[in-house]
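Q: I am new to this structure. Please give me a close look at one part of it, then show me some special places elsewhere in the chain.

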Amino acid sequence: MQSIRITAALAGLAFSCTAGAAQLEIINVDAPGVGFNDPAPATPVGGNAGTTVGEQRLIAYRRALDLWGATLASDVTIYVQGSFAGLPCTAGSGTLAQAGATFILSDFPGAPLAGHWYHSALADAIAGVELVGDGIPDIVANFNGNVGLPGCIEGPGWYYGLDNDAGAGQIDFLDTFMHEVAHGLGFQNFASEVTGLTPGGLPDVYMANTLDLLFGEFWNTTVFGPQTPLFIQISSINNGNVVWAGPNVTENAPLVLGDFEGIRLTGTVNQDLVFGTAAFGPPATPDNFGGEIVVADDGVGVGVDGCEPIVNDVAGKIAFMDRGTCSFTIKVLNAQNAGASGAIIGNNAPGGAIGLGGTDPSIVIPAISVSQEDGTTIKANSPGVFIEFYTDPTRLAGTNQGFVRLYAPPTVAPGSSISHFDTVATPNLLMEPFISGDLRSARNLDLTPSLMQDIGWQLETLSIGSCDTGVPNALDNGDLLSVQVSECAANATNQGKFVSCVNKATNAAKNAGLLTEQQKEAINQCAAGN
């Protein structure tokens, strides 16, 4: 067995666990009075009863660990080290959190793939024993304690409620932490997209499911070839063509993703666009995004970067601006202030569209990004270029050839490239590189449990009291049965009403094709006996 301690591979986003469920324990390394120990008064919110900032952070942290513990099966305790250290940020953008595995192991007892690295928590679960050492962190998760303060993603800051009901501009901590823990549990590769190198020259289990459709190559099958580093470097920026080919994600994608939504140019030019989405403002939809594109002029220099107030007429139009010089939020806010109904930001480097990061609750118009090549086409053919949405019900959003796309922007984003689903998925997925306001990780983990199964995790089964239903707690669409059962228990005034509530939930799941008749009856019988 080989093991390596990972020091720089961080990726950047009421019920009890039953026997066999993964037990995740907190290791709080914050100093007294700061971070998880912050004594500042706080008002209970969204089911979080904490009365200090530090207490609310710990309660939300604990809830996230319990949710993952009820989702994945392991007989070995998983230790998660956490802190609220400051992370890089500016007034309009920055890093919310960083997390990843602290150790990776290969060729341990029971390893499904020889010569492949596994995250230590997954390796322990497969082997059934602690392989690194009891009490040693398997995952490290650092959060930006400066969020919301002057100069760091300014605004209302973190939301510590447990109900995914963050207010305008707030950043949902539970969603963020569920995302980050997933990285440490296995949603992360260990290849450097910049150099193409892997630890010790070995691939990892995540790479074994990473497929480049253009080259027809899995990332792990090329790792021993002399051109492997070059292949990984090229593939990591092959936007739209790098996909997750694991069978569980592929099979369950139709239960989660909607119809393919495309955007195309019309008028003086006719072509489809590959586009990136924004982490701020409303998402672009057929109802709020479309019409004539006007190249914005901010009156400064010869560029069209939109970093100063826009002086030409973009009212009611889609304002086009180039990437660079200032943050995405400043550009879009300038377009909004000039009356634009939407914004497009063209990449200023060769390659494809990128995700637009940042936070500004005052932005109320949608924005997308396009490649440098498509941006050049728009500018060269304006005026007279229009943009419109179209829907193709024969395809799934965020997929290519039936496989779910991975995030592969044209410029490598360390910690984000490949180790996330692509931002073009609809609806938004928990494991995209930007936290979106429509996530619901308090009760649904979309395709994340499916990916965990693809890399070797077993799903924990739902227990009601001491009765094990034998049914996986996470349904194929990511719904968590334990949350529904807990809500039934909390709202029922007697056993009969509890049983009726559970029956209603299982009937709905069966009618949606998520439970078989046998599974439904197993759950209902356990509910009736408790």
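A: The close look takes one strand, and the unusual backbone sites and a helix pair come after it.

This is a predicted model, so local features need pLDDT of at least 70, side-chain atom pairs count only at pLDDT 80 or more, and totals for chains, interfaces and linings use all residues. Residues are numbered from 1 along each chain as its sequence is written, and side-chain values use heavy atoms, with hydrogens and water left out.

Start at strand 17, residues 318–322. Strands (E, at least two residues) and helices (H or I, at least four) are DSSP runs, numbered from the N terminus. Strand 17 is mostly covered: five of its five residues are buried. Buried means under 20% relative accessible area, exposed means over 50%, and partly exposed lies in between (1.4 Å probe, protein chains only). Which residues point which way? Ile318, Phe320 and Asp322 point one way from strand 17. Ala319 and Met321 point the other way. All of them are buried.

Now look at the partners of strand 17. Two strands pair if DSSP finds at least two bridges between them. Strand 16, residues 291–295, runs parallel to strand 17 and is joined to it by three bridges. Strand 18, residues 342–346, also pairs with strand 17 in the parallel sense, over five bridges. Alanine 319 takes part in both pairings: valine 294 has it as bridge partner in strand 17, and its own partner in strand 18 is alanine 343.

How does the chain get from strand 17 to strand 18? Helix 6 (residues 328–337) makes a right-handed β-α-β unit with these two strands. Right-handed means that, with the strands pointing away from the viewer, the path from the first strand over the helix to the second runs clockwise.

Next, the backbone. Most residues other than glycine have a negative phi, and most peptide bonds are trans. Isoleucine 153 has a positive phi of about 45 degrees. Its place is the loop between strand 7 (139–143) and strand 8 (158–159). Isoleucine 153 is buried, at 4% relative accessible area. Asparagine 164 has a positive phi too, near 55 degrees. It lies in the loop between strand 8 and strand 9 (171–172). Asparagine 164 counts as buried at 7% relative accessibility.

Two prolines follow cis peptide bonds. Serine 382 to proline 383 is cis, with omega near 0 degrees. Proline 383 sits in the loop between helix 7 (372–381) and strand 20 (385–396). Threonine 426 and proline 427 are joined by a cis bond, with omega about -5 degrees. Proline 427 is in the loop between strand 22 (403–405) and helix 8 (448–455).

Serine 417 is found in the loop between strand 22 and helix 8 as well. It is buried, with a relative accessible area of 1%. Leaving aside neighbours within four places in sequence, serine 417 is in contact with Glu193, Tyr407, Pro409, Thr411 and Val412. Contact means heavy atoms within 4.5 Å.

Last, a helix pair. Helix 1 (residues 53–69) packs against helix 3 (residues 173–185) at an angle of about 50 degrees, with their axes 9 Å apart. Axes are lines fitted to C-alpha atoms, for helices over the stretch in contact, and angles run from 0 to 180 degrees between N-to-C directions. That makes helix 1 oblique to helix 3. Angles under 35 degrees count as roughly parallel, over 145 as roughly antiparallel, 65 to 115 as roughly perpendicular and the rest as oblique. Among the residues that meet are Tyr61 and Trp68 in helix 1 and Phe173 and Phe177 in helix 3.
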